[in-house]
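User: Could you take a close look at one part of this model, the metal site, and walk me through how it is put together?

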Amino acid sequence: MVEVIRKGEENGNNMPIRLTLPSGVEIIGLPTENFYGGEWDLGPTWNYLLLTDRPFLVDTGKFGMGPKLLEMMESAGVSGGDVDAIVVSHGHEDHDGGLFGMVESTGAKVKAHRIYDRLIRFYPTKAPAGVNKNFPASCWHCFMPESFSSQHCLGYHQERGRLKIEQIGDDLCTLGEAIHTYYVPGHSPDALAILVGDEALIVGDTVLPEITPFPSREAFFEQVREILAPEYTRAQSIYGLLAYIRSLRKLEQIGRTFTDLLVLPGHRLFYNNHWNEIDLQLRINELIEHHIDRCADILKILKKGQRTAREIAAAHFEEHLLKGVGIMMAENEVLSHCELLCASNDAVLTGDREFAATGSSNFESLIRSLEAE
Ligand SMILES: [Zn+2]
Ligand SMILES: [Zn+2]
């Protein structure tokens, strides 16, 4: 069912493939390079071109990846002009970096969740104190140093902020015949999954093989609350680990209804010379157990005494994961779990930045009781 159109690198980069679903629908997989590398390597971004009556592309790789995508598409016999629409799985730069360039060269329209349409814009007068007003709202919480963002992100932000978006809402939305989007916030507040008939499910970064997607943080909600549509009133509905686990449950439900889905992730479909097939139910259960274990570990650390997220990260993660920006990624990851432990009343924020255990242990039953929203 997988035809490798052209050999690429052993991490899958630059290796266009053709997937033919049992109904005959073809999906072209277009993996584009990621530069993050090192200990937190995700592997290339897998973008997917669906050859339905009106072909559409899901995701566009990092900034500047347009020409690579077009070239890979051509190797599959599709030209840029054939693309009717581009759908954004979520607003992370490794997925929408090439978007503006692809819109310019194909003329395709852009479809994305309505929160995406808000977050990519600039709000110089509405930006809360302490954030960089020159960034779009999506990046008000960014922890990368200014030197990095002025070099790598400015052009991307400015171009992306000019895009016209056809908004997709929270409810099931139809993209084409038997093609529907599901809103699955948590890894990102604007994340979508796309169901193709009863045959394939494109999951973006919400479910990945081999690696666990990082959850966003509830705390980001307060920064952007004012610029979101007024119906978004609860942080936990769109940001953070609770939202993420509810979205996993939503995908699990889809997997129960459609039992033979080919699951197409945003990373690691192919990596280190092997294919990763995803059993949706199994992988979702693994991911949920992973977060239960991580909450348990963090609570154990807190029971020894109150700690900041950075101290917890230093105690929990292996040292090689904490080098460079690794420490900030680890800290963020810990904070997502601390937010859940606070929601379950197992921890409290004391003073400014330290968390303390309360003595209870409710997090596991809270996580297991979460249902799709
Ligand atoms: Zn992502
Ligand atoms: Zn990604």
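**The paired zinc site**

Analyst: The zinc ion (ligand 1) is held by H90 through NE2, H92 through ND1, H187 through NE2 and D205 through a carboxyl oxygen (OD), at distances of 2.1 to 2.4 Å. This is a predicted model, and the geometry described here should be read with that in mind. Along the chain, the donors of the zinc ion (ligand 1) follow the spacing H-x1-H-x94-H-x17-D. The 4 donor atoms subtend angles of 91 to 169° around the zinc ion (ligand 1), and the arrangement is therefore irregular. For four donors to count as tetrahedral, all angles would have to lie between 85 and 135 degrees. Because water is not among the atoms, a site such as this one may look incomplete. Among the donors, H90 is buried, since its relative accessible area is 1%, and buried here means under 20%.

The zinc ion (ligand 1) does not stand alone, for D205 bridges it and the zinc ion (ligand 2), with 3.5 Å between the two ions. D205 itself counts as buried because its relative accessibility is 4%.

Turning to the other ion, the protein donors of the zinc ion (ligand 2) are D94 (OD), H95 (NE2), D205 (OD) and H267 (NE2), which lie 2.1 to 2.2 Å from the metal. The angles among the 4 donor atoms of the zinc ion (ligand 2) run from 87 to 158°, and this site, too, is classed as irregular. In sequence, the donor residues of the zinc ion (ligand 2) are spaced D-H-x109-D-x61-H. The pair H95 and D205 links distant parts of the chain, with H95 in helix 2 (residues 93-96) and D205 in the loop between strand 12 (200-204) and helix 7 (219-224), 110 residues apart. H95 counts as buried because its relative accessibility is 1%.

For contrast with these buried donors, two other places in the model can be considered. F122 sits in the loop between helix 4 (114-119) and helix 5 (146-152), and it is partly exposed because its relative accessible area is 31%. Leaving aside residues up to four places away in sequence, F122 touches N134, F135, P136, H157, Q158 and G161. V4, which lies in strand 1 (residues 2-4), counts as partly exposed because its relative accessibility is 36%. Together with M1, V2 and W275, V4 makes a nonpolar surface patch of about 380 Å².

Terms used. Residues are numbered from 1 along each chain as its sequence is written. Chains are lettered from A and ligands numbered from 1 in the order in which they are written. This is a predicted model: local features need pLDDT of at least 70, side-chain atom pairs count only at pLDDT 80 or more; totals for chains, interfaces and linings use all residues. Side-chain values use heavy atoms; hydrogens and water are left out. Helices (H or I, at least four residues) and strands (E, at least two) are DSSP runs, numbered from the N terminus. Buried means under 20% relative accessible area, exposed over 50%, partly exposed in between (1.4 Å probe, protein chains only). Contact means heavy atoms within 4.5 Å. Donors are N, O and S atoms within 2.8 Å of the metal (3.2 Å for Na, K and Ca); water is not among the atoms, so sites may look incomplete. Four donors count as tetrahedral if all angles lie between 85 and 135 degrees; four count as square planar and six as octahedral if opposite donors are over 155 degrees apart and all others between 65 and 115; anything else is irregular. Patches are made of residues with over 30% relative accessible area and no salt bridge: like charges are joined within 9 Å, nonpolar side chains (Val, Leu, Ile, Met, Phe, Trp, Tyr) within 5 Å. Accessible areas come from the Shrake-Rupley method with a 1.4 Å probe; for residues, only the protein chains shown count as cover. A salt bridge is a side-chain nitrogen of Lys or Arg within 4 Å of a carboxyl oxygen of Asp or Glu.
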